[in-house]
Amino acid sequence: MAKSPATEVAPGVFRIPTAPWDLVNSYAFVDDDGQVTLVDTGTKKAPKKIVAALSFIGSAPSQVTRIVMTHAHPDHAGGLARMVDETGAPVVAHEIDAPNLRSGKTPGRDLSTFGGRLLQRLPDGGFEPAEVAEEFVDGQVLDIAGGLEVIHTPGHSPGHVALLHRPSGVLITGDSIFNVRNLRWSPKSFCTNFQLTKQTATRLAEFDYRVAAFTHGPEISDQPREAIRTFLRRERVMTA
């Protein structure tokens, strides 16, 4: 059976897998008036799948009015320039990662790890740059589908964010935590500061939500907050 181009994780909130086995996901929020906000744009090859997903949910690139980025890595921003061309939508990102999106340069790697030092020495493939029309900060509530709250969780990148959509109860974790063959951390070498990634992920246990939606892996809708808290306790970054 062919895999669906999009999965509705809550009313008006769709997960768009842009790589096999849900390894990389973008998201679409659909307003009552039909306007669509995209969260992340996948790799360079992802836009074709995103456009197909928009058609599947009864929408089109012309209805995308904003693109929100969780962070400036090629597997999330590789398709950004193409999606900006397809939609004409402005890009919104955290003020710290915004310069990387404009330059197309990946933030620095964690030099305390062998893999990070190796990747830092290799030529950075980066991604095609795109203009960022608006910068946001921690705690800001974006005027998207009834309100999308910014939760700054640096470490994976300096301006990495999770996003909480309070009307639907969906938390997009970004790369703070993966859900690939169970909950796990991002590979250390992909982070700017792996230890900080672990520390700031504890913020995800502080909020209430009904669905934990991952940018790597499928969503958790059965007691998602407790699943994340259990993971954080197991990893000894949270005790309570």
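Buried means under 20% relative accessible area, exposed means over 50%, and partly exposed lies in between. Keep that cut-off at hand for the exercises below, which explore a predicted model.

**Exercise 1. Work out whether Arg15 and Glu219 are buried, partly exposed or exposed, and find what joins them.**

Step 1. Arg15 has a relative accessible area of 4%, so Arg15 is buried.

Step 2. Glu219 has 25% relative accessibility and therefore counts as partly exposed.

Step 3. Look at the two side chains together: they meet in a salt bridge, at 2.6 Å from N to O.

Step 4. Now place the partners. Arg15 belongs to strand S2, while Glu219 sits in the loop between S14 and H7, so this pair ties together parts that are 204 residues apart in sequence.

**Exercise 2. Examine two further salt bridges, Glu135 with Arg102 and Arg166 with Glu149.**

Step 1. The side chains of Glu135 and Arg102 meet at 3.0 Å, N to O. Distant parts of the chain are linked here: Glu135 is in strand S7 and Arg102 in helix H4 (residues 98–103), 33 residues apart.

Step 2. Check their accessibility. Glu135 is partly exposed, with a relative accessible area of 36%, and Arg102 also counts as partly exposed, at 31%.

Step 3. Turn to Arg166 and Glu149, whose closest N and O atoms are 2.8 Å apart. Arg166 lies in the loop between strand S10 (161–165) and S11, and Glu149 lies in strand S9 (residues 148–152), 17 residues apart. Glu149 is buried, with a relative accessible area of 14%.

Step 4. Finish with the wider picture. Salt bridges that share partners join Lys3, Arg15, Asp22 and Glu219 into one network. The structure holds 11 salt bridges.

**Exercise 3. Trace the open sheet of seven strands and find which helices pack on it.**

Step 1. Follow the order S1-S2-S3-S4-S5-S6-S7, in which the pairing is mixed. The edge strands are S1 (7–10) and S7 (134–136), each pairing on one side only. On average, neighbouring strands are turned by 25° against each other, direction ignored.

Step 2. Zoom in on S5 (residues 64–68) and S6 (residues 91–94), which pair in the parallel sense over two bridges. Val68 stands opposite Val92 in S6.

Step 3. Add the helices. H1 (residues 47–56) packs on the sheet and touches S2 (13–17), S3 (25–30), S4 (36–39) and S5; the direction of H1 makes about 145° with that of S2. Helix H3 (residues 80–87) packs on the sheet too, touching S4, S5 and S6, and its direction makes about 165° with that of S5.

**Exercise 4. Describe the open sheet of five strands, then find which strands the buried residues of H7 pack against.**

Step 1. Read the order as S8-S9-S10-S11-S14, with mixed pairing. S8 (141–142) and S14 are the edge strands, each pairing on one side only.

Step 2. Go to S14. Three bridges join S14 to S11 (residues 170–172), and the two strands run parallel. Leu171 has Ala212 in S14 as its bridge partner.

Step 3. Move on to helix H7 (residues 224–234), where Pro224, Ile228, Arg229, Phe231 and Leu232 are buried. They cover an arc of only 160° around the axis, which puts them on the same side of H7.

Step 4. Bring helix and strands together: the buried residues of H7 pack against S13 (183–184) and S14 (211–213). After H7 comes Arg236, with a positive phi near 60°.

Technical notes
Residues numbered from 1 in each chain as written. Predicted model: local features only at pLDDT ≥ 70, side-chain atom pairs only at ≥ 80, totals over all residues. Heavy atoms only, no water. Buried < 20%, exposed > 50% of the residue type's maximum accessible area, 1.4 Å probe, protein only. Helix = DSSP H or I, 4+ residues; strand = E, 2+ residues; numbered from the N terminus. Arc of directions from axis to C-beta. Contact = heavy atoms within 4.5 Å. Pairing = 2+ DSSP bridges. Axes fitted to C-alpha atoms, helices over the stretch in contact; angles between N-to-C directions. Salt bridge = Lys/Arg side-chain N within 4 Å of Asp/Glu carboxyl O.
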